[in-house]
Amino acid sequence: MFRSVPVAPHFLARTTFHASRIPHQPRDLLLHSPEAGYFPAVPELPEVEVLVRHLRPLLQDRTIRAVHVRRAKVLSPASPHAFTQALRGARFCALARRGKYLLFKLRKARRAEPLVLVGHLGMTGRMYLLPAKTPLPRHAAVALNLGQENFVFEDTRYFGRLTLDTCALGKLGPEPLEADFTVERFGKALGRSQQPIKLKLLDQSLLAGVGNIYASEALFRAGIAPTLPARRLTWPQVKRLWRAVRAVLREAIACGSTVPLNYAGTGARDRLFYFGRAPGAPDFYEERLRVYDRAGRPCPACGTAIRRRVQAARSTFYCPRCQRA
Ligand SMILES: [Zn+2]
């Protein structure tokens, strides 16, 4: 049964440290094992939002004293030297999210304009605070020294970013949980597309932050076949899907906000906490996702076996009976 976990304020107030628990090979790599039947745990809007809420109080008003760049690629196009020059002495003044991006706003003395540092977790990125005296993990790409602690960006598969380049933000569509993402706007954008609706939902210019997991989940909730061309959705289907997208994202954020995080925790099966969940926190996987990565298991609505199909090289999970339309 689903167990709700009360938010423990002391867990949210700071990350707890267990240096000896740092996994040598982060556990989330194991999720890619085909024998286990797992699919890559790629963070989407809810996971990033949970991380932003977790990091915000830990970084607020902290000043960057030194910058260590281990992998210059994540900063591109800035050089490590330019990046270091820009950030050294800057103070964290706000942390926000846009789509799947983390936006760190920093201020520097004698500079009127705030700096924006853009973070993206890619497939396996993690961001956390680590005591400065603890050696950096092997896959640390960047560490920002804040005095007693380092803010670490670690990435084992190298698709993540931590950059001063804000270009990617300009291409993003509306935030699905904000007021400007109206059902009319959504319907209009879908009406212009021949793409299967599942693939269209992944288009970050349509709406920002939805990926493979929540696209599958929202289509299941709305009872819409993933292969239906976007422009063939009826108006009632558009409305159902608009509501379903918002509901699955909101529920995932609410679920993630109840579980204490800890960078040294392992990537648990429920995927929400790929960046570290405190030891002993319960596994929400069974209850949280209804179709994603559940091929062959009964649909929670009708009992038919959930199917997996590949669309544009990505897995879609759906119920062939509930999602016929
Ligand atoms: Zn079903």
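Student: Which residues of α2 meet which residues in α7?
Tutor: This is a predicted model. Helix α2 covers residues 45-59. On the α7 side, the contact uses Leu249, Ala252, Ile253 and Gly256. They are met, from α2, by Leu45, Pro46, Glu49, Val50 and Arg53.

Student: How do the residues of that contact of α2 with α7 divide by class?
Tutor: Gly counts as polar, and Glu and Arg count as charged. Gly256 of α7 takes part, as do Glu49 and Arg53 of α2. The division is 6 nonpolar, 1 polar and 2 charged.

Student: At what angle do the axes of α2 and α7 cross?
Tutor: The two axes come within 9 Å. α2 passes α7 in a right-handed crossing. The angle is roughly 35°.

Student: What term describes how α6 lies to α7?
Tutor: Helix α6 spans residues 212-222, and helix α7 spans residues 235-256. Their axes come within 8 Å and cross at roughly 125°. Roughly perpendicular covers 65 to 115 degrees, and roughly antiparallel needs over 145. The crossing angle therefore makes α6, relative to α7, oblique.

Student: How many charged residues are in the contact of α6 with α7?
Tutor: α6 supplies Tyr214, Glu217, Ala218, Leu219, Arg221 and Ala222. α7 supplies Arg240, Leu241, Ala244, Val245, Ala247, Val248, Leu249, Glu251 and Ala252. By class there are 11 nonpolar residues and no polar ones. The charged residues number 4.

Student: Is the crossing of α4 and α7 left-handed or right-handed?
Tutor: Helix α4 runs over residues 183-191. It packs on α7 at about 120°, with the axes 10 Å apart. The pair is therefore oblique. The crossing is right-handed.

Student: Which residues in α7 does α4 meet?
Tutor: From α4 come Val183, Glu184, Phe186, Gly187 and Leu190. The contact divides into 7 nonpolar, 1 polar and 2 charged residues. The partners in α7 are Trp235, Val238, Lys239, Leu241 and Trp242.

Student: Which residues coordinate the zinc ion?
Tutor: In sequence, the donor residues are spaced C-x2-C-x16-C-x2-C. Each gives its SG atom, at 2.2 to 2.4 Å. The residues are Cys299, Cys302, Cys319 and Cys322.

Student: What arrangement do the 4 donor atoms around the zinc ion make?
Tutor: Four tetrahedral donors ideally sit at 109.5 degrees. To count as tetrahedral, all angles must lie between 85 and 135 degrees. Here they are 102 to 112°, so the arrangement is tetrahedral.

Student: Which residue does a cis peptide bond join to serine 76?
Tutor: Most peptide bonds are trans. In this bond, omega is about 10°. The residue lies in the loop between β1 (66-69) and α3 (80-87). It is proline 77.

Student: What is phi of arginine 110?
Tutor: Most residues other than glycine have a negative phi. Arginine 110 sits in the loop between β3 (101-107) and β4 (115-120). Its phi is positive, near 65°.

Definitions and conventions
Residues numbered from 1 in each chain as written. Predicted model: local features only at pLDDT ≥ 70, side-chain atom pairs only at ≥ 80, totals over all residues. Heavy atoms only, no water. Axes fitted to C-alpha atoms, helices over the stretch in contact; angles between N-to-C directions. Helix = DSSP H or I, 4+ residues; strand = E, 2+ residues; numbered from the N terminus. Parallel < 35°, antiparallel > 145°, perpendicular 65-115°, else oblique. Contact = heavy atoms within 4.5 Å. Donors = N, O, S within 2.8 Å, 3.2 Å for Na, K, Ca; no water. Tetrahedral: all angles 85-135°; square planar, octahedral: opposite > 155°, others 65-115°. Left-handed = near helix turned anticlockwise from the far one by under 90°.
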